[in-house]
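Biologist: Please take a close look at one part of this structure, beginning with a charged pair and working inwards from there. I would like to know what each piece touches and how much of it is covered.

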Amino acid sequence: MKVVYVEWLDHSSHSSQVWRSKEEYKELKPATCRTIGFVVNEEKEFITIACTNHHIAETDDYEEENNFSGDMCILKSCITKLKEVKL
């Protein structure tokens, strides 16, 4: 099974705080995410990765080592880097 390293842009939002200034909204940017995992499905529009560990996302709200999630189906239009990993 092919193993890949993927970098992609993901949606982001502020925390649950209700009221924010216009300047704070202008500072909000997409999150840059990174994943290493097994390719379990690949279609024209997306790729599905099964991770042996976790994804890591960097946002303004979280430290890199504190922002994790599991397996992921990633839209290819969001991918900024895709590289096969040799084991």
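Modeller: Arg 34 and Glu 7 form a salt bridge, with 3.7 Å between the closest N and O atoms. Arg 34 belongs to strand 2 and Glu 7 to strand 1, so this pair ties together parts that are 27 residues apart in sequence. Bear in mind that this is a predicted model. The two partners differ in their cover: Glu 7 counts as buried because its relative accessibility is 15%, under the 20% limit, whereas Arg 34 is partly exposed at 26%.

The whole structure holds five salt bridges. Another of them links the side chains of Glu 24 and Arg 20, at 3.4 Å from N to O. Arg 20 is buried, with a relative accessible area of 19%, while Glu 24 is partly exposed at 28%.

A further salt bridge leads towards the part I want to dwell on. The side chains of Glu 42 and Lys 76 meet at 2.9 Å, N to O. Glu 42 lies in strand 2 and Lys 76 in the loop between strand 6 and strand 7, so the pair ties together parts that are 34 residues apart in sequence. Both ends are partly exposed: Glu 42 has a relative accessibility of 36% and Lys 76 has 29%. Glu 42 and Lys 76 also belong to one network with Lys 2, joined by salt bridges that share partners.

Which residue is in contact with both Glu 42 and Lys 76? Ile 47 is, and beyond its close sequence neighbours its contacts also include Val 39, Asn 41, Met 72, Cys 73, Ile 74, Ile 79 and Leu 82. Ile 47 sits in strand 3, which covers residues 46-51. Is Ile 47 buried or exposed? Ile 47 is buried, because its relative accessible area of 1% falls under the 20% limit.

The strand pairing gives the setting for Ile 47. On one side, strand 3 runs antiparallel to strand 2, residues 31-42, and five bridges join them. Strand 2 and strand 3 form a hairpin, with three residues between them. Within this pairing, Val 39 stands opposite Ile 49 of strand 3. Strand 3 is also paired with strand 6, residues 72-75, again in the antiparallel sense and over four bridges. Here Phe 46 has Leu 75 in strand 6 as its bridge partner. Leu 75 is also 6.6 Å from Ile 47, C-alpha to C-alpha, although the two are 28 residues apart in sequence.

Now for the nonpolar side of the picture. Ile 47 is one of the 10 residues of the largest nonpolar core, together with Val 4, Val 6, Trp 8, Ala 31, Cys 33, Val 39, Ile 49, Ile 74 and Ile 79. Strand 1, strand 2 and strand 3 each supply at least two residues of this core. Three of the core residues, Val 39, Ile 74 and Ile 79, are also on the contact list of Ile 47.

To put the pieces together: strand 1 and strand 2 are linked by the Arg 34 and Glu 7 salt bridge, so parts 27 residues apart in sequence are tied together, and both strands contribute to the core that contains Ile 47. Ile 47 itself is in contact with Glu 42 and Lys 76, the two residues whose side chains meet in the 2.9 Å salt bridge.

Technical notes: Residues numbered from 1 in each chain as written. Predicted model: local features only at pLDDT ≥ 70, side-chain atom pairs only at ≥ 80, totals over all residues. Heavy atoms only, no water. Buried < 20%, exposed > 50% of the residue type's maximum accessible area, 1.4 Å probe, protein only. Contact = heavy atoms within 4.5 Å. Pairing = 2+ DSSP bridges. Core = buried A, V, L, I, M, F, W, Y, C linked by side-chain atoms within 4.5 Å. Salt bridge = Lys/Arg side-chain N within 4 Å of Asp/Glu carboxyl O. Lists of a residue's contacts leave out its neighbours within four places in sequence.
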